[in-house]
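Biologist: Before I rely on any label attached to this protein, I would like to hear the reasoning behind it. Could you take me through the terms one by one?

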Amino acid sequence: MNLDQNVLDQVKQIFSSLSHDYIFRVSCKSASETGKEMIEFFTQFSTTSPRLAIEVEDVNSDKSVTSLIRDGVPTGISFRMIPGGHEFTSLLLAVMNADGKGKTLPDEATISRIKRLKGEISLNTYATLECTNCPDVIQALNQMALYNDNIASVAIDGNLAVSEAEALGVKSVPTVYANGELLWIGKGSLGELLDKLEEKFGSREADEPSKEKEYDLLVIGGGPAGASSAIYSARKGIKVGVVAQRIGGQVKETTGIENVISVLHTTGEKLANDLRLHMQDYDMDIYDSRTLDSVELKEPVKTVRVKGGEVFKAPQVIIATGARWRRMNVPGEDDYIGQGIGFCVHCDGPFFKGKDVAVIGGGNSGIEAAIDLAKICNHVDVFEFLDTLKADTVLQEKVKSLPNVTVHLSQQVVKVTGDGKTLDGIDVKDRISGEVKPYKENGVFVQIGLQPNSEIFVPQVGANGRGEINVDAFCRTDIPGVYAAGDVSSVPYKQIIVAMGEGAKAALSAFDDRIRKL
């Protein structure tokens, strides 16, 4: 692929401050088509800085791989892909992070955890250039390789390693293997991946315990509600700490956003970056890549513990942990996550080109998924639990016009079937007749709404039957000093703009209670 001159000029500006020398070592059959394209790509890319160079190693292997070398020493980062599309950013950040630069570098506590991982760890991540979730995973694992000399991270384009991916049963991206064993499937943050590696390989004890961090107010969560809460609270001049798995939250999974008032169009990735920039413009401490371990909310001073040993304390807490995709909870589902069952059409749809697939759910997300899949799949079955679709009329009209989409109403999936490795269908119950009928499907995309990330709080704070934390009109929970906002709360309408408003309301309520000593 040829890189656009405008893109090269922009990269030149980004790389103008590089302080180390880098070599892209391309190991490939130089006469092969992939080898030629990889050499051409990295030759062009290397023209963006005098500190970049390319070195070609002709090998007798079909696996074309480019390794990043810094000052003559391997960084542990390699690409078995020509990193265009969404992965172009991963390449840029690999160089910038290796140079000690970048706005999303992990903090000292996270770096310490990475360095304490035990053993030699070889990470292979299967991705596609169209996948919007893959860059986060690849960039996180690349950072781990930079901070731990015993970790190697290889990003692999599944479209260039088709037989290899098929042999492993990869049907969802990103899929990560650690030392040849399946480690992770789907979207993930640095913190989540680090948790998984610690669980699998173990971790050495820290040299000294982490000191408790005290704040006037803690915000738990970094999505639209959490960001809004933190900004509004910081504007009041109080000491604010934010504890989150990732800034942006579930927003990062959204490709196009056109309903944030005054913003005609944006993407989830851009909005997440804008949230971080806005938060960084205020005096607050942001602790991302954190996974909650335990919380104590009923005492006057609340305590939040995260994996890795850090402890945060504050008299007030705003819970803004958002939600995640809801699952069907039927036999066989867990067995085929990533092996035929997917949640992201943009990421995993290409694996099912020319095949038969099912979409579970008739809301906006389900019908949008069916419309997208109809462009590449042989046939799409849509199964809706209710007796009518919930999607917007314009989407319903569109899906009805597609000859290779069939909509099934009043249907309930009761089982996922397969041979133990590959999904081959679903059993569906007609809710009117009671008849159970098998449907042969190569893939299933679940689009049945959201489940609140409230489990760790619910034993202490009140929640409704859906697991949403109950709040009043001021975002107060039933525990003094504890507030909830956004998709984790009982507020109706799970929309970005609603979450932002609720986050602001929670912050204003907390400050009002604070000054009135309630």
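Modeller: What follows is a set of questions about labels, each answered by setting a value against its cut-off, and please keep in mind that this is a predicted model.

Biologist: How do you know that Cys 131 and Cys 134 form a disulfide?

Modeller: The sulfur atoms of Cys 131 and Cys 134 lie 2.4 Å apart, and a pair of cysteine sulfur atoms within 2.5 Å is taken as a disulfide, so the pair qualifies. The structure holds one disulfide.

Biologist: Why is the disulfide of Cys 131 and Cys 134 called right-handed?

Modeller: The torsion about the S-S bond of Cys 131 and Cys 134 is about 95 degrees, and the disulfide is therefore right-handed.

Biologist: What makes Cys 131 count as buried or exposed?

Modeller: Buried means under 20% relative accessible area, and Cys 131 has a relative accessible area of 0%, so Cys 131 is buried. Its partner Cys 134 is likewise at 0% and buried. The value for Cys 28 is 0% as well, which means that this cysteine is buried, and Cys 475, at 0% relative accessibility, also counts as buried.

Biologist: Why are Ser 112 and Ser 189 given their exposure labels?

Modeller: Ser 112, which sits in helix 4 (residues 108-115), has a relative accessibility of 28%; because buried means under 20% and exposed over 50%, Ser 112 counts as partly exposed. Ser 189 belongs to the loop between strand 8 (181-185) and helix 7, and its 5% falls under the 20% limit, so Ser 189 counts as buried. Setting aside neighbours within four places in sequence, Ser 189 is in contact with Gln 245 and Arg 246.

Biologist: What makes the packing of helix 5 and helix 7 oblique?

Modeller: Helix 5 and helix 7 (residues 190-201) pack at an angle of about 55 degrees, with their axes 9 Å apart. Angles under 35 degrees count as roughly parallel and those from 65 to 115 as roughly perpendicular, with the rest oblique unless over 145, and therefore helix 5 is oblique to helix 7. The crossing of these two helices is right-handed, and the residues that meet there include Val 137, Ala 140 and Leu 141 from helix 5 with Leu 190 and Leu 193 from helix 7.

Biologist: Why, then, is helix 11 called roughly parallel to helix 12?

Modeller: Helix 11 (residues 364-374) and helix 12 (residues 393-400) pack at an angle of about 30 degrees, with their axes 10 Å apart. Since angles under 35 degrees count as roughly parallel, helix 11 is roughly parallel to helix 12. The crossing of helix 11 and helix 12 is left-handed, and among the residues that meet are Ile 367 and Ile 371 in helix 11 with Leu 395 and Val 399 in helix 12.

Biologist: Which residues have the most contacts inside the largest nonpolar core?

Modeller: That core has 56 residues, and those with the most contacts inside it are Phe 15, Phe 45, Leu 123 and Met 144. Helix 5 (residues 134-147) gives the most to this core, with eight residues. Met 144, not counting residues up to four places away in sequence, touches Ile 114, Ile 151, Leu 190, Leu 193, Leu 194 and Leu 197. Apart from this core lies another, of 30 residues, including Val 219, Ile 238, Ile 286 and Ala 485.

Notes: Residues numbered from 1 in each chain as written. Predicted model: local features only at pLDDT ≥ 70, side-chain atom pairs only at ≥ 80, totals over all residues. Heavy atoms only, no water. Core = buried A, V, L, I, M, F, W, Y, C linked by side-chain atoms within 4.5 Å. Buried < 20%, exposed > 50% of the residue type's maximum accessible area, 1.4 Å probe, protein only. Helix = DSSP H or I, 4+ residues; strand = E, 2+ residues; numbered from the N terminus. Contact = heavy atoms within 4.5 Å. Axes fitted to C-alpha atoms, helices over the stretch in contact; angles between N-to-C directions. Left-handed = near helix turned anticlockwise from the far one by under 90°.
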